[in-house]
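Reader: Could you take me through this model and tell me how each label was earned? I would like to see the value set against the rule every time.

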Amino acid sequence: MRHLLNALEHLAEVCQREKDKTALFNYLQRLANDNKNFIRSETDSTEIQQITSAIQKKLAS
């Protein structure tokens, strides 16, 4: 999961087209929903939520 989030963070930094940013934002939203449903560790879940939210904020700015 950490490798995936690192890769998504890198993608967010290099995304130029609005269409790509929207697709990545939506993917992160689905990932956040899956996190809530499937990650049992509260510590891991909180960390994943914080990272996905931070990446989404980068995409929105």
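Author: Let's start with helix α2 (residues 18-38) and α3, whose axes come within 10 Å and cross at roughly 165°. This is a predicted model, so local features need pLDDT of at least 70 and side-chain atom pairs count only at pLDDT 80 or more, while totals for chains, interfaces and linings use all residues. Residues are numbered from 1 along each chain as its sequence is written, and side-chain values use heavy atoms, with hydrogens and water left out.

Reader: What makes α2 roughly antiparallel to α3?

Author: The axes are lines fitted to C-alpha atoms, for helices over the stretch in contact, and angles run from 0 to 180 degrees between N-to-C directions. Angles under 35 degrees count as roughly parallel, over 145 as roughly antiparallel, 65 to 115 as roughly perpendicular and the rest as oblique. The α2 and α3 axes cross at roughly 165°, so α2 is roughly antiparallel to α3.

Reader: And which hand does the crossing of α2 and α3 have?

Author: That crossing is left-handed. The term means that the near helix is turned anticlockwise from the far one by less than a right angle; clockwise would be right-handed.

Reader: Why are α1 and α2 called roughly antiparallel?

Author: Their axes are 11 Å apart and they pack at an angle of about 155°. Set against the cut-off of over 145, that value makes α1 and α2 roughly antiparallel to each other. Their crossing is left-handed.

Reader: How do you know what counts as a helix here?

Author: Helices are DSSP runs of H or I with at least four residues, strands are runs of E with at least two, and both are numbered from the N terminus. Helix α1 spans residues 2-14, and helix α3 spans residues 42-60.

Reader: What makes Glu9 and Lys58 a salt bridge?

Author: A salt bridge needs a side-chain nitrogen of Lys or Arg within 4 Å of a carboxyl oxygen of Asp or Glu. For Glu9 and Lys58 the N to O distance is 3.0 Å, so the pair qualifies under the 4 Å rule. Glu9 lies in helix α1 and Lys58 in helix α3, so this pair ties together parts that are 49 residues apart in sequence.

Reader: Why is a network of salt bridges described around Lys58?

Author: Lys58 also forms a salt bridge with Glu13, the closest N and O atoms being 3.5 Å apart. Glu13 is in helix α1 and Lys58 in helix α3, 45 residues apart. Glu9, Glu13 and Lys58 are thus linked in a network. By this rule the count comes to four salt bridges, including the one between Arg17 and Asp20 at 2.9 Å, N to O.

Reader: Why is Arg17 called exposed, and what is Asp20 called?

Author: Buried means under 20% relative accessible area, exposed over 50% and partly exposed in between, with a 1.4 Å probe and protein chains only. Arg17 has 55%, so it is exposed. Asp20, at 27%, counts as partly exposed. Partly exposed also fits Glu9 at 28% and Lys58 at 37%.

Reader: How do you know whether Lys21 and Leu31 are buried or exposed?

Author: Lys21, found in helix α2, has a relative accessible area of 18% and is therefore buried. Leu31, also found in helix α2, is buried as well, with 11%. The C-alpha atoms of Leu31 and Asn6, 25 residues apart in sequence, are 13 Å apart in space.

Reader: What is Ser53 called, and why?

Author: Ser53, found in helix α3, has 23% relative accessibility, so it counts as partly exposed. Its C-alpha atom is separated by 8.2 Å from that of Leu28, 25 residues apart along the chain.

Reader: What makes the nonpolar surface patch of Met1, Leu4 and Tyr27 a patch?

Author: Patches are made of residues with over 30% relative accessible area and no salt bridge; like charges are joined within 9 Å, and nonpolar side chains (Val, Leu, Ile, Met, Phe, Trp, Tyr) within 5 Å. Leu4, in helix α1, is partly exposed at 33%, so it passes the cut-off of over 30%. The patch made by Met1, Leu4 and Tyr27 covers about 250 Å², with accessible areas coming from the Shrake-Rupley method.

Conventions
Accessible areas come from the Shrake-Rupley method with a 1.4 Å probe; for residues, only the protein chains shown count as cover.
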